[in-house]
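Please take a moment with the sequence and the three-dimensional model before reading on. The paragraphs below go through the sheets, the helices that lie on them, and a few backbone details.

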Amino acid sequence: MSGVWRAVACCRGCAVIFHSPMGCVHVAETMDLGSHYRILADGRQENMECVPLVSSNIREKDSIFGGTGRLRQSISYVMETYHPECLFIATSCVAGVIGDDAESESADAEMRYGIPIICIPYAGFLGGEYSEGYYKTAETIIERFFRPCEHVPNRILLLGDQMGPEGQYVTEVKRLLSLLGLEVQGQFPGYLPFPEWANAPAAELAIVLGTTGQSDRMNGMADLLEKKFGIHAVKDMYPIGWENTCKWILEIGRLHKNVEKAKVIIE
């Protein structure tokens with residue numbers, strides 16, 4: 001569930017429901033708090049707010065009689081309180097064990113409220129690790145919301161997290177890209193506002209930031225963007241260390257048809 005959360009955590013216009021006991025929300029809260037403190041330790045400030053995260057608060061009696069009623073109440077509460085443009089529902093291991101049909105409940109709610117309501121039914125640890133929820137959510141967004149559009153010259157889409165847009169890594173990536181005359185459109189998943197999803201394929205180039213132990217899945221996301229929308233990607237190389245940074249800059253220069261400028265920057 002925490003992977004689903006991280007995939008849309010700072011996407012303005014979204015909201016997330018954990019169909020779970022209340023304690024499961026603290027996992028996501030602890031993760032966000034750790035990221036916040038690391039950014040502060042680097043002397044930086046976060047300028048993006050997290051979207052609403054609500055638990056359906058499955059109780060002991062719900063594990064016997066079913067918890068879809070709790071989910072229905074939670075959806076109503078989120079709609080009336082936060083008025084999201086898009087709602088994601090992540091199911092917990094408890095919801096999976098008792099057999100709650102959260103997908104049907106989500107489909108009914110989507111018809112009732114007239115906004116996208118998407119269930120990612122990974123049933124907590126029963127459906128895979130953190131990364132499964134993260135990538136499944138990202139791929140669902142690409143398939144459902146991204147639309148073919150004309151590429152905008154010099155526009156870049158970053159793929160991955162790496163402590164977000166205010167983290168040290170992404171800040172340096174943006175600085176290097178600016179030297180090449182390239183502008184970052186946004187960072188996906190997790191930090192691109194919902195109203196901008198449809199136009200995300202306008203990026204001329206996608207750059208994979210890399211994720212620890214999960215580069216294949218992230219590269220797969222880049223391949224999906226190239227296949228569906230013709231966005232070329234820089235992957236399997238990252239600006240870490242002098243030699244790798246030089247290779248990375250030259251590869252971007254090659255794809256951007258500006259190798260000479262990349263060489264000048266390296267010099």
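S7 and S8 are paired in the parallel sense over 3 bridges, where two strands count as paired if DSSP finds at least two bridges between them, and where the bridge partner of Ala206 in S8 is Ala233. The element names follow DSSP runs numbered from the N terminus, with helices being runs of H or I of at least four residues and strands being runs of E of at least two. The model is a predicted one, in which local features need pLDDT of at least 70 and side-chain atom pairs count only at pLDDT 80 or more, while totals for chains, interfaces and linings use all residues. Residues are numbered from 1 along each chain as its sequence is written, and side-chain values use heavy atoms, with hydrogens and water left out.

The pair just described belongs to an open sheet of 4 strands in the order S6-S5-S7-S8, with parallel pairing. Strand S6 (183–188) and strand S8 (232–234) are at its edges, and each has a single partner strand, so one side of each is left without a neighbour in the sheet. On average, and with direction ignored, neighbouring strands of this sheet are turned by 30 degrees against each other. Strand S5 (residues 152–159) is joined to S6 by 5 bridges, the two running parallel, and Arg155 stands opposite Glu183 in S6. S5 is also joined to S7 by 5 bridges, again in parallel, with Val152 standing opposite Ala203 in S7. Of the 6 residues of S7, 5 are buried, so this strand is largely enclosed by the rest of the structure; here buried means under 20% relative accessible area, exposed means over 50%, and partly exposed lies in between, with a 1.4 Å probe and protein chains only.

Two helices can be followed across this sheet. Helix H8 (residues 168–179) lies across S5, S6 and strand S7 (203–208) and runs at about 165 degrees to S5, whereas helix H10 (residues 242–255) lies across S7 and S8 and runs at about 170 degrees to S8. Such angles run from 0 to 180 degrees between N-to-C directions, and the axes are lines fitted to C-alpha atoms, for helices over the stretch in contact, contact meaning heavy atoms within 4.5 Å.

There is another open sheet of 4 strands, with the order S2-S1-S3-S4 and parallel pairing. Its edge strands are strand S2 (53–55) and strand S4 (117–120), each of which pairs on one side only, and its twist averages 20 degrees from one strand to the next. Strand S1 (residues 14–19) pairs with S2 in the parallel sense over 3 bridges, and the bridge partner of Ile17 in S2 is Val54. H4 lies across S1, S2, strand S3 (86–91) and S4, running at about 160 degrees to S1, while H6 packs on the sheet by touching S3 and S4, its direction making about 170 degrees with that of S4.

These two helices also meet each other. The axes of helix H4 (residues 68–82) and helix H6 (residues 102–113) come within 11 Å and cross at roughly 35 degrees. Residues making the contact include Leu71, Ile75 and Met79 of H4, and Ala102, Ala109 and Tyr113 of H6.

Some backbone details lie in the loops. Most residues other than glycine have a negative phi, and most peptide bonds are trans. Against that background, His83, which is not a glycine, has a positive phi of about 50 degrees; His83 is placed in the loop between H4 and S3 and is exposed, with a relative accessible area of 58%. Gln162, likewise not a glycine, has a positive phi of about 50 degrees, and this residue lies in the loop between S5 and H8, where Gln162 counts as partly exposed at 28% relative accessibility. A cis peptide bond joins Phe188 and Pro189, with omega about -5 degrees, and Pro189 lies in the loop between S6 and S7.

For the chain as a whole, the secondary structure comes to 11 helices and 8 strands, and 49% of the 267 residues count as buried. Among contacts in the chain with a separation of 6 or more, 78% are accounted for by residues 24 or more positions apart.
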